[in-house]
Amino acid sequence: MPEVGFHPAEPVTAEGPDSRTVCAVHPNIETSLRCNKCGRYMCSKCAVRTPVGYRCRECVHQQQDVFFSATQRDYVTAAAVSFVLSVPISYILPKIFLLGIILFSIPAGGLIGEAVFRAMGRRRGRYTWAIVAGGIIAGAVVASIPIIQFSLAVIDRANALDMSPATVLGGQLLMPVLYLVLCVGGAIARLRYGK
Ligand SMILES: [Zn+2]
Ligand SMILES: [Zn+2]
């Protein structure tokens, strides 16, 4: 079966015996499906459904590399911005009442995500969400040092009062942990989807 419009120097298609077409990655799987970008034959395992039709993994990956244009420097910026913003936010937010934490933590995460996105020159990164999550958690740990010190003191007293340290510590950490889960979720939602 002669190919029209294909450069012979690029063996993007694979032909099986008696000119049946097989997957370019899995030569034992017969297929007639082709990538609508590069034209290689691909089996149902290799085909990726995109809004513009079925494409091979390589073409999808290349497309994503165009979409994700963040540099290593952008990732450093993302880590720094999320950490610096997280310290004061993580210090203040868990101190407000429970309903306030539920209401404000997700928008706070979204705000951090938005600030990072702008600081990165609006370039998207495949791993930005993970770096920002790490930055927020690191900032929250720094902001929680007084709480941790206080908790240790309370545990000492709990031992003296014959109470369970886990109960005392759980009471201390409930609000910060709830805040952190919601805030990180808000930031990830802001960075991972849509934008
Ligand atoms: Zn392709
Ligand atoms: Zn295949």
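In this predicted model, Ala187 touches residues well beyond its own stretch of sequence. Leaving aside neighbours within four places, Ala187 is in contact with Gly109, Gly110, Ile112, Gly113, Val132, Ala133 and Ile136. Ala187 also belongs to the largest nonpolar core, which has 27 residues. Ala187 is among the residues with the most contacts inside this core, together with Ile112, Val116, Val132, Ile136 and Cys183. Four helices each supply at least two residues of the core: H2 (72-92), H3, H4 (128-143) and H6 (165-192). Another core lies apart from it and has nine residues. Val22, Cys23, Cys35 and Met42 are among them.

The chain as a whole contains six helices and four strands. Along the sequence, the strands precede the helices, in the pattern β-β-β-β-α-α-α-α-α-α. The chain has 195 residues, of which 28% count as buried. Among contacts with a separation of 6 or more, 59% join residues 24 or more positions apart.

Helix H3 spans residues 98-119 and has 22 residues. The distance from its first C-alpha to its last is 31 Å, close to the 32 Å expected. H3 nevertheless bends by about 35° at Phe104. A proline, Pro107, follows within four residues of that point. The buried residues of H3 are Ile101, Ser105, Ile106, Ala108, Gly109, Ile112, Gly113, Val116 and Phe117. Two of these, Ile112 and Val116, are named above for their contacts in the largest core.

Helix H2 has 21 residues and reaches 31 Å from its first C-alpha to its last. The expected value is 30 Å, and the two are close. H2 bends by about 30° at Ser86. Here too a proline follows within four residues, namely Pro88. Ala78, Val81, Ser82, Phe83, Leu85, Ser86, Ile89 and Ser90 are buried in H2. H3 and H4 are included in what covers these buried residues.

The end of H3 leads to two residues with positive phi. Gly121 follows H3, and its phi is near 65°. Arg122 lies in the loop between H3 and H4. The phi of Arg122 is near 60°, a positive value in a residue other than glycine. Most residues other than glycine have a negative phi. Is Arg122 buried or exposed? Arg122 has 10 other C-beta atoms within 10 Å. A residue counts as exposed at 12 or fewer, so Arg122 is exposed.

Conventions. Residues are numbered from 1 along each chain as its sequence is written. Chains are lettered from A and ligands numbered from 1 in the order in which they are written. This is a predicted model: local features need pLDDT of at least 70, side-chain atom pairs count only at pLDDT 80 or more; totals for chains, interfaces and linings use all residues. A residue is buried if 20 or more other C-beta atoms lie within 10 Å of its own, exposed if 12 or fewer, and partly exposed in between; C-beta atoms are placed from the backbone. Two residues are in contact if their C-beta atoms, placed from the backbone, lie within 7 Å. The expected span of a helix is 1.5 Å times one less than its number of residues. The bend at a residue is the angle between axes fitted to the seven residues ending there and the seven starting there. A nonpolar core is a set of buried Ala, Val, Leu, Ile, Met, Phe, Trp, Tyr and Cys residues joined through C-beta atoms within 7 Å.
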